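Please consider the sequence and the model shown here before reading on. The paragraphs below then lead through selected local features.

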Amino acid sequence: MTVERVQRMAVAGRTLATGLLGGAAAGAASAVLVIVVAVLTGGEGAEGVGDWVERILLLIPASVQVGLIGALIGLAAGLVVAVPAAAVMALAAPLLAARPTRARAVCAAVVLAAAVALEAAVLAATGGGVTDSPWTDVMIVSPALAAAGVLGWRRGPALVDGPAGRGEGGRPVMGTGEGGHGAIEAGEGPGGPDPVTKAGYVLEFEDLFEGDRLNEGRWMPYYLPQWNGRAASAARYEVGGGRLDLLIEEDQPPWYPEREGGLRVSSLQTGVFAGPLGSTVGQHGRGSGMAVREEQRAVRLYTPQYGLIELRARAIDDPRSMVALWMIGYEDEPERSAEICVCEIFGRDVGPDTVRVGMGLHPFGDPAITDDFTVETLPIDAREFHVYAAEWTPERVSFLVDGRHVRTVRQSPRYPMQLMLNIYEFPEAPERDTPPAPEHPYPKRFTVDYVRGYRPTARAGSHVRSDLPAAGAEGAKAEEVVAEGAGDV
């Protein structure tokens with residue numbers, strides 16, 4: 001069973017449970033409200049304090065009894081409302097995942113529509129009214145509709161973004177990694193940030209790739225341009241319809257033929273730092289012997305320190321290609337050079353039912369980090385859209401796929417890092433035991449739906465920085481020149 005199918009079933013189940021509980025609560029509240037009004041306003045002979053005390057005392061058991069009856073009626077009504085709502089939310093889940101406002105609006109609209117249809121059916125069946133008084137009918141109907149709308153609005157994001165499965169103690173798990181890593185909890189624990197619901201996080205970076213042009217206030221369309229110049233390292237890409245396609249095209253020259261042979265790459269990155277012409281100072285070049293061929297102005301578009309990074313994308317099963325989202329140290333100091341690989345997917349490892357996804361840490365020039373990188377086998381079709389994420393704290397980095405925890409690395413780079421989003425094509429397909437999928441025609445595509453970065457909010461015991469202004473969808477700076485010796489952003 002694929003993860004997406006499990007997610008749809010989980011969304012339907014959560015919607016049904018919410019409908020049942022919400023219906024019971026709305027039914028009980030409506031019934032109690034009616035009995036309260038009836039007792040306090042009914043009758044003509046109430047005289048003195050004693051009569052009012054007697055009424056109030058009678059009201060308590062009456063409210064309990066009527067509330068139970070109302071809850072049972074509301075439970076049935078909630079089921080009727082929740083069944084169509086569950087079907088719609090399950091079908092729409094991939095379009096609503098990690099889009100809180102859209103999820104709220106759709107869920108509220110679906111639940112309200114189902115509730116109105118139910119009320120209309122009741123009125124039609126009873127000849128236009130439940131009671132003899134239209135005001136009493138309004139008193140019963142209005143709280144139920146209001147509760148349905150509020151419940152849909154509040155619960156929408158949790159219904160579609162909740163984890164597809166839970167392990168012991170309610171922890172999200174994947175449990176399919178080669179090393180048996182799936183049992184480690186991804187979240188901070190009670191009271192800490194939650195990478196699934198986003199509680200304790202603030203969205204500070206987002207690109208939905210709307211419009212028909214790349215936003216160069218968020219991305220530099222080059223791959224490590226200090227080593228071979230911007231012209232040679234320029235990305236090939238298309239933007240349109242809310243998607244980014246990073247391309248490898250047939251006429252695309254190799255990135256750095258003298259050093260990397262026929263390797264071709266299209267890449268976006270959110271920062272660049274390099275030394276003067278001819279120096280060996282530059283990002284992701286330590287120990288390679290490469291020298292700066294083209295000086296680069298220091299740029300920091302998005303260089304977070306700690307947080308949650310998410311990518312929704314589909315990979316390619318081309319045997320000569322690899323797609324990835326990774327983070328590297330900004331390297332304004334030589335030791336700040338580790339890598340967090342959010343996901344790395346070789347086309348040769350993509351199948352219809354499973355995929356091998358690389359994730360973990362590489363130290364490069366950081367003496368405080370030891371290499372901890374694994375390739376995890378997951379039961380998904382990576383040619384479809386999936387969400388790959390890394391939650392980065394001062395103590396650890398946890399990796400998730402589709403909101404489910406895969407593994408945790410118990411060490412952490414402690415300096416700003418930038419994003420690297422790319423597709424590679426290698427000169428020859430690597431050998432493997434089983435025949436890979438046929439090679440794709442050009443252009444070869446890495447299709448990205450969105451990239452998001454979340455900053456932890458200030459919470460007791462979280463040990464995270466909270467002094468950064470939220471960037472949001474429109475707040476990323478165009479290009480910021482960073483003076484030598486500048487502190488963390």
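The account begins with conventions and then passes from the sheet to its loops and to individual side chains.

The model is predicted: local features need pLDDT of at least 70, side-chain atom pairs count only at pLDDT 80 or more, and totals for chains, interfaces and linings use all residues. Residues are numbered from 1 along each chain as its sequence is written, and side-chain values use heavy atoms, with hydrogens and water left out.

An open sheet is built from six strands in the order β4-β15-β8-β9-β10-β11, with antiparallel pairing. Its edge strands, β4 (264-269) and β11 (372-378), each pair on one side only. On average, neighbouring strands of this sheet are turned by 15° against each other, direction ignored; the axes behind such angles are lines fitted to C-alpha atoms, for helices over the stretch in contact, and angles run from 0 to 180 degrees between N-to-C directions. Strands here are DSSP runs of E with at least two residues, helices are runs of H or I with at least four, and both are numbered from the N terminus. Two strands count as paired if DSSP finds at least two bridges between them.

Within the sheet, β8 (residues 321-329) and β9 (residues 339-346) run antiparallel and are joined by seven bridges. Met327 stands opposite Ile340 in β9. The loop between β8 and β9 contains Glu331, which has a positive phi of about 65° although it is not a glycine. Most residues other than glycine have a negative phi, and most peptide bonds are trans. Glu331 is buried, because its relative accessible area is 7% and buried means under 20% (exposed is over 50%, partly exposed in between, with a 1.4 Å probe and protein chains only).

A second antiparallel pairing links β2 (residues 236-240) to β3 (residues 243-248) over five bridges. Gly240 has Arg243 in β3 as its bridge partner. The two strands form a hairpin with two residues between them, and Gly241 in the turn has a positive phi of about 65°.

Val239 belongs to β2 and is buried at 14% relative accessibility. Which residue, 30 residues apart from Val239 along the chain, has its C-alpha atom at a separation of 6.5 Å? That residue is Phe209, found in the loop between β1 (201-207) and α5 (230-233). Phe209 is also a non-glycine residue with a positive phi, of about 55°, and counts as buried because its relative accessible area is 2%.

Another backbone feature occurs in the loop between β15 (417-425) and β16, where Pro443 lies. The peptide bond from Tyr442 to Pro443 is cis, with omega near -5°. Strand β16 itself (residues 444-456) contains Arg452, which is buried because its relative accessibility is 2%. The side chains of Arg452 and Glu206 are joined by a polar contact of 2.7 Å. Such a contact is a pair of N or O atoms within 3.5 Å; within protein, one must be able to donate a hydrogen and the other to accept it, and residues adjacent in sequence count only if both atoms are side-chain atoms.

The last element considered is helix α2 (residues 48-96), which includes Val64. Is Val64 buried or partly exposed? Its relative accessible area is 49%, so Val64 is partly exposed.
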